[in-house]
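Me: I am new to this structure and would like a close look at one part of it. Please start with a single sheet, and then describe what is joined to it or lies around it.

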Amino acid sequence: QVQLVESGGGLVQAGDSLRLSCAASGRTFSSLDMGWFRQAPGKEREFVAAIRRIGGVTSYLDSVKGRFTISRDNAKNTVYLQMKSPKPEDTAVYYCAARTTSWALPTVPRDYDYWGQGTQVTVSS
């Protein structure tokens, strides 16, 4: 069992920076691959970023490359999404997700085992 709790969402203006956090409990954090997804109204849940259990290997949605950075601190059992220069089209509910075991870094929702409750990010122009 894994519990995930996101924090850091809110209303920001385009160009501001924002950092989302996801705290994990219930399982050894270093055994989990972690990801961030987002879902806008009327759209499917979309992959944003993921990071391998020990860090180093990452993957990003093309439209956020160079603007968003995923990182993790295994000592704090926390994964982060640093959002720099967000745009109005980044507005969505952002979800943290965890995968217990994987040979490859998962980038689709069906490959993740646990999910947080989501946090709203709204970017105004």
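Reply: What follows goes from the sheet to its strands, and then to a bond, a side chain, some rings and two loop residues.

The model is predicted: local features need pLDDT of at least 70 and side-chain atom pairs count only at pLDDT 80 or more, while totals for chains, interfaces and linings use all residues. Residues are numbered from 1 along each chain as its sequence is written, and side-chain values use heavy atoms, with hydrogens and water left out.

The sheet is open and is formed by four strands in the order E1-E3-E8-E7, with antiparallel pairing. Strands (E, at least two residues), like helices (H or I, at least four), are DSSP runs numbered from the N terminus. Two strands count as paired if DSSP finds at least two bridges between them. E1 and E7 are the edge strands, each pairing on one side only. On average, neighbouring strands of this sheet are turned by 15° against each other, direction ignored. The axes behind such angles are lines fitted to C-alpha atoms (for helices over the stretch in contact), and angles run from 0 to 180 degrees between N-to-C directions.

Strand E3 (residues 18-25) pairs with E1 (residues 3-7) in the antiparallel sense, over five bridges. Within that pairing, Leu4 has Ala24 of E3 as its bridge partner. E3 also pairs with E8 (residues 78-83), again in the antiparallel sense, this time over six bridges. There, Arg19 stands opposite Gln82 in E8.

E3 is also one end of a disulfide. A pair of cysteine sulfur atoms within 2.5 Å is counted as a disulfide, and a search of the whole structure finds one. Cys22 and Cys96 are its two members, with S to S at 2.1 Å. Because Cys22 lies in strand E3 and Cys96 in strand E9, the bond ties together parts that are 74 residues apart in sequence. The torsion about the S-S bond is about -80°, so this disulfide is left-handed. Cys22 and Cys96 are both buried. Buried here means under 20% relative accessible area, exposed means over 50%, and partly exposed is in between (1.4 Å probe, protein chains only).

On the edge strand E1 sits Glu6. Glu6 counts as buried, at 5% relative accessibility. Leaving aside residues up to four places away in sequence, Glu6 touches several residues, including both Cys22 and Cys96, as well as Trp36, Tyr94 and Gly118. Contact means heavy atoms within 4.5 Å. Glu6 and Thr78 are 72 residues apart in sequence, yet 9.6 Å apart in space from C-alpha to C-alpha.

Next come the aromatic rings. The structure holds four aromatic pairs. Rings of Phe, Tyr and Trp (its six-membered ring) pair if their centres lie within 6.5 Å; planes under 30 degrees apart count as stacked, over 60 as edge-to-face, and the rest as tilted. One of the pairs is Phe37 with Phe47, edge-to-face, at 5.7 Å centre to centre and 75° between the planes. Phe37 is in strand E4 (residues 33-39) and Phe47 in strand E5 (residues 46-51), ten residues apart. Phe37 has a relative accessible area of 0% and is therefore buried; Phe47, at 12%, is also buried. Phe37 pairs with Tyr112 as well: the centres are 5.3 Å apart and the planes are at 80°, so this pair is edge-to-face. Tyr112 is in the loop between strand E9 (92-99) and strand E10 (114-115), and is 75 residues apart from Phe37. Tyr112 is buried, as is Phe37. Ring pairs link Phe37, Phe47, Tyr112 and Trp115 into a cluster.

Two arginines sit over rings. Such a charge counts if NZ of Lys or CZ of Arg is within 6 Å of the ring centre and within 35 degrees of the ring normal. The charged end of Arg45 sits over the ring of Trp115, 4.9 Å from its centre. Arg72 lies over the face of Phe29, at 4.3 Å from the ring centre.

Finally, two loop residues. Most residues other than glycine have a negative phi. Asn77, in the loop between strand E7 (68-73) and E8, has a positive phi near 55°. With a relative accessible area of 29%, Asn77 is partly exposed. Ser85 is in the loop between E8 and E9, and its phi is also positive, at about 50°. Ser85 is partly exposed, with a relative accessible area of 42%.
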